[in-house]
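Visitor: I'd like to go through this one label by label, and hear what backs each label up. Can you put it on the screen?

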Amino acid sequence: MTMPTRPLGTTGPQVSALGLGCMGMSALYGDADRAESIATIHAALDAGVTLLDTGDFYGMGHNELLIGEALRTAPAELREKARVSVKFGALRGPDGEWSGYDGRPAAVKNFAAYSLQRLGVDHIDVYRIARLDPDVPIEETVGAIAELIEKGHVRHVGLSEVGAETIRRAAATAPVTDLQIEYSLISRGIEEAILPTTRELGISITAYGVLSRGLISGHFTRDRQLAAHDFRAHSPRFQGDNLRHNLDLVDALRKIAERKGVSVAQIAIAWVLSRGEDIVPLVGARTRERLTESLGALDVTLDEADLTAIEEAVPPGAAAGDRYPAPQMAHLGTE
């Protein structure tokens with residue numbers, strides 16, 4: 001299989017049609033195997049995946065160190081093709097608690113210095129604050145990233161989970177390459193205002209949560225027990241009647257997948273791929289097995305009949321429950 005590429009905005013590089021979101025290798029979804037995580041990153045690079053996504057707060061730096069090790073031990077020709085996207089700004093305590101976001105220019109440069117060291121790279125390809133700091137104008141945060149670009153420490157400005165107004169203000173400050181935001185069959189909130197805005201401005205989307213944290217992967221069962229430190233144990237979509245309703249949607253999607261001879265996950269990823277050349281899905285595979293399944297979505301062709309059937313099985317707004325617990329919803333790009 002030859003990995004197709006997509007443009008990362010009008011000002012950014014060409015990247016692989018699928019990116020690898022590495023968060024789950026360090027945090028939020030239960031225990032992960034370090035050796036398997038590195039092997040999965042190597043397998044992704046070998047398959048032609050060039051976009052690796054992380055955050056400096058994933059495992060309090062663990063994820064960046066993991067990616068740094070994977071890049072350091074990868075063949076040189078693959079390492080040179082890798083493009084690393086980093087989110088910053090989340091404030092956490094020793095017990096893992098969340099205490100807000102810091103987008104002050106001095107903090108931006110401080111976060112970048114530590115990320116460069118942990119990753120073992122001389123520049124970050126796309127740099128973005130994870131959530132908007134309500135106390136700091138986005139112009140100041142983006143301006144600090146632009147200064148890092150001038151000094152060669154960063155290549156491109158990115159955004160994460162912000163709404164249309166903030167996108168416009170950021171883009172008026174410096175060229176913005178990409179917006180990272182949740183987008184999947186059951187999370188379609190960007191379609192009304194955010195996606196039209198990014199398309200007007202030539203900003204691409206890196207879509208995370210394309211399998212909704214495994215909910216629409218086809219592998220999540222109704223009786224699955226989640227560890228207390230697993231994000232999904234507290235996520236509204238994974239609770240009680242919400243979970244039962246959402247898995248009924250997956251069962252409807254499974255019928256379409258079976259008719260095409262593919263997996264539910266492949267249908268869900270292929271649907272995001274079908275939404276436009278400016279959208280790059282991030283797959284959160286933590287093992288080579290799941291990576292292989294995700295890559296198989298590139299070979300799935302959805303015709304108009306398929307797309308109609310998918311829309312009927314999982315119409316917009318069909319999911320039960322918010323995508324985050326209530327306190328975190330306040331920080332998302334819903335303006």
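Visitor: Let's start small: what makes Asp306 a helix residue, and which helix is its place in?

Guide: Keep in mind that this is a predicted model. Asp306 sits in helix H11, which spans residues 304-313.

Visitor: And why is Asp306 called buried?

Guide: The cut-off for buried is under 20% relative accessible area. Asp306 comes out at 12%, so it counts as buried.

Visitor: What does Asp306 touch, leaving out residues up to four places away in sequence?

Guide: Lys260 and Thr301. A contact here takes heavy atoms within 4.5 Å.

Visitor: How do you know that strand S9 is mostly covered?

Guide: Go through residues 154-160: six of those seven are buried. That's the under 20% cut-off again.

Visitor: What makes S8 and S9 a pair, and which way do they run?

Guide: Pairing asks for at least two bridges between two strands. S8, residues 124-129, has three bridges to S9, so the pair qualifies by that rule, and the two run parallel. If you want a spot to look at, Val126 stands opposite His156 in S9.

Visitor: How many bridges join S6 and S7, and in which sense do they pair?

Guide: Two bridges, in the antiparallel sense. The rule says at least two, so S6 (residues 90-92) and S7 (residues 98-101) count as paired. Arg92 stands opposite Trp98 in S7.

Visitor: What do S6 and S7 form, and what is special about the phi of Gly96?

Guide: They form a hairpin, with five residues between the strands. Gly96 is in the turn, and its phi is positive, about 90 degrees.

Visitor: Zooming out, why does the radius of gyration of the protein chain agree with a compact globule?

Guide: For 335 residues, a compact globule would have a value near 20 Å; the protein chain has 19 Å, which agrees. The C-alpha atoms fill a box of roughly 55 × 45 × 40 Å along the principal axes.

Visitor: How much of the protein chain is buried, and what share of its contacts is between residues 24 or more positions apart?

Guide: Of the 335 residues, 57% count as buried. Among contacts with a separation of 6 or more, 75% come from residues 24 or more positions apart.

Visitor: How far apart are the mean positions of the positive and negative charges?

Guide: They are 2 Å apart, taken over 34 positive and 46 negative charges.

Visitor: And which atoms supply 51% of what the protein chain exposes?

Guide: Carbon and sulfur atoms, out of about 14000 Å².

Terms used
Residues are numbered from 1 along each chain as its sequence is written. This is a predicted model: local features need pLDDT of at least 70, side-chain atom pairs count only at pLDDT 80 or more; totals for chains, interfaces and linings use all residues. Side-chain values use heavy atoms; hydrogens and water are left out. The radius of gyration is taken over C-alpha atoms; the globule rule is 2.2 Å times the number of residues to the power 0.38. Buried means under 20% relative accessible area, exposed over 50%, partly exposed in between (1.4 Å probe, protein chains only). Accessible areas come from the Shrake-Rupley method with a 1.4 Å probe; for residues, only the protein chains shown count as cover. Lys and Arg count as positive and Asp and Glu as negative; His and the chain ends are not counted. The place of a charge is taken as NZ of Lys, CZ of Arg, CG of Asp or CD of Glu. Helices (H or I, at least four residues) and strands (E, at least two) are DSSP runs, numbered from the N terminus.
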